[in-house]
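This briefing goes through one protein chain for a reader at the bench. Please keep the sequence and the model open while reading.

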Amino acid sequence: MRKLEVHELNRLDLEEFKRAKKYPIAIVLDNVRSQNNIGSVFRTADAFRIEKVVLTGICSTPPNKEIHKTALGAEDSVAWEYFENCTAAVENLKKTGYIVISIEQVEGSISLEKFVIEPDARYALVLGNEVKGVDQAVVQASNYAIEIPQEGTKHSLNVSITAGIVMWEFFRRLAL
């Protein structure tokens, strides 16, 4: 085996990526404070051709040196928008046809592997603050809540790891 060179990966360039069809998924970050986590979400969204990232509240926005450190330019390829209030962002997404899903441990949540992904639906996946998670008002405004099964001693995963797991699962079921 030999590691592939970058030119052998046949990746899209920035302009090709912008023109390419995206998967109908918006990643909503609810008051995520770490710029490194935000950058990581952008980079993962690029990898899976996610439609857009929605930043809310205290989230930093591009251009930003710390976001760029982990996004590695994905903040330029992935569309993004900013809302001061996450609930307002969620209501806007619902009005434009998205099914809003909080990724959170709540009563009545659906385990990720059991959630039925409809191929023609548009999804907005809400990920919460590193300490407080998804705000309760946002959870209540959501159509569903999905939970990632865990068996360790901790009660949560890092938000960028959670984003990666959920984006991969949606991408896997929609694209592969």
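How many disulfides does the structure hold? The structure, a predicted model, holds zero disulfides. The points below start with the cysteines behind that answer, then turn to the chain as a whole, one helix and two single residues.

**Cysteines**

- The cysteine sulfur closest to that of C59 belongs to C86, and at 8.2 Å it is too far away for a bond.
- A disulfide would need the two sulfur atoms to be within 2.5 Å.
- Seen from the other side, C86 is likewise in no disulfide, and its nearest cysteine sulfur is that of C59.
- C59 counts as buried, because its relative accessibility is 6% and the cut-off for buried is under 20%.
- C86 also counts as buried, with a relative accessibility of 5%.

**The chain as a whole**

- The protein chain contains seven helices and seven strands.
- Along the sequence these elements come in the order α-β-α-β-α-α-β-α-β-β-β-α-β-α.
- The radius of gyration is 16 Å, close to the 16 Å that the globule rule gives for 176 residues, so the chain is as compact as a globular protein of that length.
- The C-alpha trace spans about 45 × 35 × 35 Å along its principal axes.
- Of the 176 residues in the protein chain, 44% are buried.
- Among contacts with a separation of 6 or more, 83% are between residues 24 or more positions apart in the sequence.
- The chain exposes about 10000 Å², and 50% of that area comes from carbon and sulfur atoms.

**Helix α5**

- Helix α5 covers residues 86–95, and its buried residues are C86, A89, V90 and L93.
- Viewed down the axis of α5, these buried residues fall within an arc of 100°, so they line one face of the helix.
- The cover over the buried residues of α5 includes five strands and a helix by name: β1 (23–30), β2 (50–56), β3 (79–83), β4 (98–103), β6 (122–127) and α6 (136–141).
- At the start of α5, N85 places a side-chain oxygen within 2.8 Å of the backbone nitrogen of T87.
- After α5 comes G97, which has a positive phi, near 100°.

**S102 in strand β4**

- S102 lies in strand β4, one of the elements that cover the buried residues of α5.
- S102 is buried, and its relative accessible area is 0%.
- The side chain of S102 forms a polar contact with the side chain of S142, at 2.7 Å.
- Once neighbours within four places in sequence are set aside, S102 is in contact with V126, V134, V138, V139, S142, Y144, A145 and I146.

**N158 in a loop**

- N158 sits in the loop between β7 (144–147) and α7 (159–175).
- N158 counts as partly exposed because its relative accessibility is 37%, which lies between the 20% limit for buried and the 50% limit for exposed.
- N158 and N37 are 121 residues apart in sequence, yet their C-alpha atoms are 8.4 Å apart in space.

How values were computed. Residues numbered from 1 in each chain as written. Predicted model: local features only at pLDDT ≥ 70, side-chain atom pairs only at ≥ 80, totals over all residues. Heavy atoms only, no water. Buried < 20%, exposed > 50% of the residue type's maximum accessible area, 1.4 Å probe, protein only. Helix = DSSP H or I, 4+ residues; strand = E, 2+ residues; numbered from the N terminus. Arc of directions from axis to C-beta. Contact = heavy atoms within 4.5 Å. Polar contact = N/O pair within 3.5 Å; in protein donor to acceptor, adjacent residues only side chain to side chain. Rg over C-alpha atoms; globule rule 2.2 N^0.38 Å. Areas by Shrake-Rupley, 256 points an atom, 1.4 Å probe, with all protein chains shown as cover.
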